[in-house]
Amino acid sequence: MSNIVAIVGRPNVGKSTFFNRLVETRQAIVNETAGVTRDRNYGQAQWNGIEFSVIDTGGYVVNSDDIFEGEIRKQVALAIEEADVIVFTVDVEGGITDLDQAVAGILRRVKKPVFLAVNKVDNNQRILDAQEFYGLGLGDNLFCISGMNGSGTGDLLDAVVASFPKKEKEIVEEGIPRFAVVGRPNVGKSSFINALVGVERNIVTDIAGTTRDAINTRYNKYGHDFYLVDTAGLRKKAKVKEDVEFYSVLRSVRTIEEADVCMIMIDATRGVEAQDVSIINLAIRNKKGIVLLVNKWDLMEDKDNSSVNKFTEHIHERIAPFVDVPIIFMSALTKQRIFKALEVAVEVYQSKSQRIKTSTLNEVLLQAIEKYPPPSLKGKYIKIKYVTQLPSPTPSFALFANLPQYIKDPYKRYIENQIRENFNFSGVPIQVFFRKK
């Protein structure tokens, strides 16, 4: 399992700013008003070559009548329990407050690495002021940082990644792919796996969220050999009310991170909802192979020859621009096309693992570049001379140019489309980089 770092603390100490710096996006809303972060924000970070997940919790508030703050308090407790490492963020400007003392009281009982990040320390006087936070009794793991300009965050992250626990690896054979079946609750994931395996391996009920943990099933039939992982149903954060459901969501996220191919199930009777798009985007961000399974197709009424095309167009509209994804219309109940879904998942896994010869890449792409060269900028002409596939776990391509900094995103998409047109990368997110030759 990947490591999880939870950022906790009272409202308005700069947790979201620090989170955005770690994940290198502006994912979390930042505002001077206390309590803007209501839900947990989830993101991925990397430091010293080590990847980990980060949770930005809502601000911890005690003895408050605000119902949101009650939920935030609960979220923090859950994040602390599920995380491997906790970063307790405080504000040097406000000094130690009663709320800081309350959080520290909880963290002193936690048997996990806890790091105290004194935020907004951007001058020498504030470094001296920060020393009072040793009074919280959390040991010597105190770091002076500035989430705004990044000072001190490097030393903190060095300590954080060094403290990650050595986890016992699940006993899985090397080289056997992992196919995760993911989707919203009650979409038919467990029924699909039961139909494939031929036994009632997983509990199936009409109640959303029956499956709480990720369940591994070895599938070794008809010349196939891989692990099928049935994840707990992912649902909108606002609907995750039970503690155990929060764990389910977090573990589903971890399952996506560790899968090779994500078989994302959509309920045909409900269409493509926002949560489906979020799951697809999560798989894309993690550079996973993707197969879309439109389940319960047998329940669709008034189907005709154009129904599949219309539904496919609807899916493409919702997931654009990444539309090169195989879509299987199936029914776990009647077993319609369930084995076709497996075959396609295997094909996507093979496509994700393929290596294209450099000579073949150059022959195809340099011809496409000659037909449509990068637009000139400021009177300077951009010349791309060489293309190669990088030795990375997921398909990545480097194009060497004289002025790579002038190549814009539309041209990057053109190159990606040319790669997809000439080589089979259906269902596989690919990366294109332009580098100085």
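The following paragraphs lead from the overall make-up of this predicted model to a few individual residues.

The protein has 437 residues, of which 51% count as buried. Its secondary structure consists of 12 helices and 15 strands. Contacts reach far along the sequence: of those between residues at least 6 apart, 69% join residues at least 24 apart. The accessible surface amounts to about 21,400 Å², and carbon and sulfur atoms account for 49% of that area.

Cysteines deserve a separate look. The structure holds zero disulfides. C262 is buried, with a relative accessible area of 0%. C144, at a relative accessible area of 23%, is partly exposed; the class follows because buried requires a value under 20% and exposed a value over 50%.

Several loops carry backbone features that merit inspection. In the loop between α8 (274–285) and β11 (289–295) lies K287. This lysine, K287, has a positive phi of about 60 degrees although it is not a glycine. The relative accessibility of K287 is 24%, so the residue counts as partly exposed.

Further along the chain, the loop between α9 (307–319) and β12 (327–329) contains P321. The peptide bond leading from A320 to P321 is cis, with omega near 10 degrees.

On the other side of β12, the loop that runs between this strand and α10 (338–353) holds K335. Here again a residue other than glycine has a positive phi, with K335 near 65 degrees. K335 has a relative accessibility of 47% and therefore counts as partly exposed.

Terms used:
Residues are numbered from 1 along each chain as its sequence is written. This is a predicted model: local features need pLDDT of at least 70, side-chain atom pairs count only at pLDDT 80 or more; totals for chains, interfaces and linings use all residues. Side-chain values use heavy atoms; hydrogens and water are left out. Helices (H or I, at least four residues) and strands (E, at least two) are DSSP runs, numbered from the N terminus. Buried means under 20% relative accessible area, exposed over 50%, partly exposed in between (1.4 Å probe, protein chains only). Contact means heavy atoms within 4.5 Å. Accessible areas come from the Shrake-Rupley method with a 1.4 Å probe; for residues, only the protein chains shown count as cover. A disulfide is a pair of cysteine sulfur atoms within 2.5 Å.
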